[in-house]
Amino acid sequence: MLSRLAISNFGLVGELELSFDPGLTIITGETGAGKSLLVGAVGFLLGERGSAELVRSGALRATVEGIFTKLPGDMRPLLDEGGIEPEAELILRRELNRDGNSRAFANSRGITAGFLSRLGDFLVDFHGQHEHQSLLNAANHRYLFDRVVISDQQLFGVAEAYARLRQKQKAWNEFLNQRKLTPEEAELLSFQVQEIRAVGLSDDEEAKLSAERKILENVEKLRLSLETALSLLDEGEAPARLQIAAALKELKRGETLDNTFSDWVGRLESISAELNEVAREAGRYRSNLDASPDRLAEVLDRLNLYQQLKRKYGGSVEAVLDFEKKAENRLSAYHSQKSLEQELQLELREAEKNYLDAAGEISGFRKRAVPRFVRELDSHLKDLALKETAFEVRFDLKEFKDGIEWNGSKVACDEAGFDQIEFLFSANPGEEPKPLVKTASGGELSRLMLALKLLAAGKDQPATLVFDEIDQGLGGDTAYRVGEKLLEASRHYQIFCITHLQQIAALANHHLLVSKEKVGARNQIRVADLSETERKAEIARMLAGSRAGEAALKQAEEMLVRQRGVRKIPMAAKPSKRK
């Protein structure tokens, strides 16, 4: 329900803030006063296009903000999708800049215009001169039809079968993606796995081989370094070992005379022991150092295998091993796919059969319900001055190459079945019914939608309806009957209706008067929530014009008194249903 609307610098609106209640709200005013602009602001708030001309002259931007309460329960997934925290109310705000660009927000979170329009589909249904008219979109006709003739339990059965079908289709598609291997590809993978396994890769081995290759390729250099070092340390004419021993002998003599020498003796003894150990280890290494061309060839061949595999399957041993693991998994899936394929096909066929049974059953139920639906709708249409109309419900199937097979064809399907439903209408006797977008006028569409909403009362969304042209071509008792139907519908919906007819205005639970007044050198729109006394004056104006006298005022008072008891109808609670 729309509980509050704030408009700033939108068209002729300077600053305007309105609060709304449940029931039937009538909007009146002289021609050109700006009634449709008020409704247009709501349309803009919910995603309709806006042009720079709508920004009030002299302002940088126009802003429309609305607060919606009693949100439908099945709006939650959409709020989650947009990252909007579900709260008791939803605050939508849209800004239109002077350059024609706009921004939208939901509970202060930035959203796209497309997402805003999707939110609007849950909140307000427009009927008249607005692009949001759901009745002109044949995709909504099945929903409107089902709200009248199908129970939630029946729809749940089809939706449940569809969810299981989608689950099995997903599993089958995933299987097909994994089963992309042809026998030739499987043979190649098998060869590659065997090739990698045969080498027996290891990160440690590659490092060790690389170190060994470096030694084998530099044996003579290493030998020369060792010979020189050992000559200096232990084997030359004046080796370091003997010189340190001589120095140590002299220090020990000094130690007997001065204790200061003790520290030096100890440290030099450590150096001497370490030097002797280095000399022994270097000598052993020299003894074992072997320039083996055969071993070098073995090491180079082994390292070459590593390089070949890395070039073919990745830039590192880790990448090659990862390739081997994934190839083994694909081969394993390939070899076990036959039994899995049979199992998945069986489950998919079972899910398709269950869905087709449920969808076929609900399709048959829909078709059997058409006469009753048309008969009840016709009764409401007669009360709405559409007596000689013709209305049909057309069933069709939509071919879809990736759809489900039904009676030899692939057809589109969803959680409500495979029926494609479209309403056909003719307002003139003798004329064949045609799609609504081609035949019905704005006023006829509004009354047709009102009749449909009355049939579905208490079962559908949105909970707020806006009628802009419903009184087109009406008058007298017919206008009263249309007003009574609006009032009847307002037990289940919050309804806003722009009207020029006093018969409809007299039935309002709430009455807004839109007027244009001059403030300084500029015109701006003013909206007043009328008291009963003010309503009498407005209805008198609607009866007799701006110079309405006592007779018109008396007639207006009689109309209000006559309808006062009828107007006191509470709005029923709304269940959560998706549009």
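Colleague: Which residues line the second largest cavity, and what makes a residue count as part of its lining?

Modeller: In this predicted model, the second largest cavity is lined by Met-1, Thr-69, Lys-70, Leu-71, Pro-72, Phe-122, Leu-123, Gln-461, Pro-462 and Ala-463. They count as lining residues because each has an atom within 4 Å of a point of the cavity. The space in this second largest cavity comes to about 40 Å³, and its lining divides into 7 nonpolar residues, 2 polar and 1 charged.

Colleague: Lys-70 is part of that lining; how do you know whether Lys-70 is buried or exposed?

Modeller: The relative accessibility of Lys-70 is 62%, and since exposed means over 50%, Lys-70 counts as exposed. Lys-70 sits in the loop between strand E4 (61-69) and helix H2 (76-81), and its phi is near 50°, a positive value in a residue other than glycine.

Colleague: Which other residue has a positive phi although it is not a glycine, and why is it called partly exposed?

Modeller: Ala-385 has a positive phi of about 65°, and its place is in the loop between H12 and strand E9 (390-396). Its relative accessibility is 26%, which falls in between the limits of 20% for buried and 50% for exposed, and therefore Ala-385 is called partly exposed.

Colleague: How many cavities of 30 Å³ or more does the structure hold, and what lines the largest of them?

Modeller: The structure holds 2 such cavities, and the largest has a volume of about 110 Å³. Its lining is made by Leu-2, Leu-5, Phe-20, Ile-27, Leu-38, Val-39, Val-42, Phe-126, Val-466, Phe-496 and Leu-512. Strand E1 (2-10) and helix H1 (35-45) each supply at least two of the lining residues, with H1 giving the most, 3 residues.

Colleague: What makes the residues of that lining nonpolar, polar or charged?

Modeller: The class follows from the residue type: Leu, Phe, Ile and Val are among the types that count as nonpolar, and therefore the lining of the largest cavity comes out with 11 nonpolar residues, no polar and no charged ones.

Colleague: What is the volume of the second largest pocket, and what makes such a space a pocket and not a cavity?

Modeller: The second largest pocket has a volume of about 410 Å³. Of the 17 residues that line it, the closest to its centre are Gln-169, Glu-352, Asp-402, Gly-403 and Ile-404. Helix H5 (152-178), H12 and strand E10 (399-406) are the elements that give two or more residues to this lining, and H5 gives the most, with 6 residues. By class, the lining has 8 nonpolar, 3 polar and 6 charged residues. The space is called a pocket because its set of points is open, whereas a probe placed in a cavity cannot get out.

Colleague: How do you know whether Glu-324 is buried or exposed, and what is it in contact with?

Modeller: Glu-324 lies in helix H12 (residues 317-383), and its relative accessibility is 13%; buried means under 20%, so Glu-324 counts as buried. Leaving aside its neighbours within four places in sequence, Glu-324 is in contact with Val-193, Ile-196 and Arg-197.

Colleague: Why is Glu-538 called buried, and what makes the pairing of its side chain with Arg-541 a polar contact?

Modeller: Glu-538, in helix H17 (residues 532-544), has 5% relative accessibility, which is under 20%, and so it counts as buried. The distance between its side chain and that of Arg-541 is 2.6 Å, and because a polar contact needs N or O atoms within 3.5 Å, this pair qualifies. Apart from its neighbours within four places in sequence, Glu-538 is in contact with Thr-28, Gly-29, His-511, Leu-513 and Leu-530.

Colleague: Where is Ser-490, and why is it called buried?

Modeller: Ser-490 is in the loop between helix H15 (476-489) and strand E15 (494-498). Its relative accessibility is 0%, under the limit of 20%, and it is therefore called buried. A polar atom of the Ser-490 side chain lies 2.6 Å from the backbone oxygen of Leu-487.

Notes
Residues are numbered from 1 along each chain as its sequence is written. This is a predicted model: local features need pLDDT of at least 70, side-chain atom pairs count only at pLDDT 80 or more; totals for chains, interfaces and linings use all residues. Side-chain values use heavy atoms; hydrogens and water are left out. On a 1 Å grid over the protein atoms alone, a cavity is a set of points where a 1.4 Å probe fits but cannot get out, and a pocket is an open set with protein on both sides within 12 Å along at least five of seven lines; lining residues have an atom within 4 Å of a point. Grid points are joined across faces, edges and corners, and a volume is the space filled by probe spheres set on the points. Helices (H or I, at least four residues) and strands (E, at least two) are DSSP runs, numbered from the N terminus. Buried means under 20% relative accessible area, exposed over 50%, partly exposed in between (1.4 Å probe, protein chains only). Contact means heavy atoms within 4.5 Å. A polar contact is a pair of N or O atoms within 3.5 Å; within protein, one must be able to donate a hydrogen and the other to accept it, and residues adjacent in sequence count only if both atoms are side-chain atoms.
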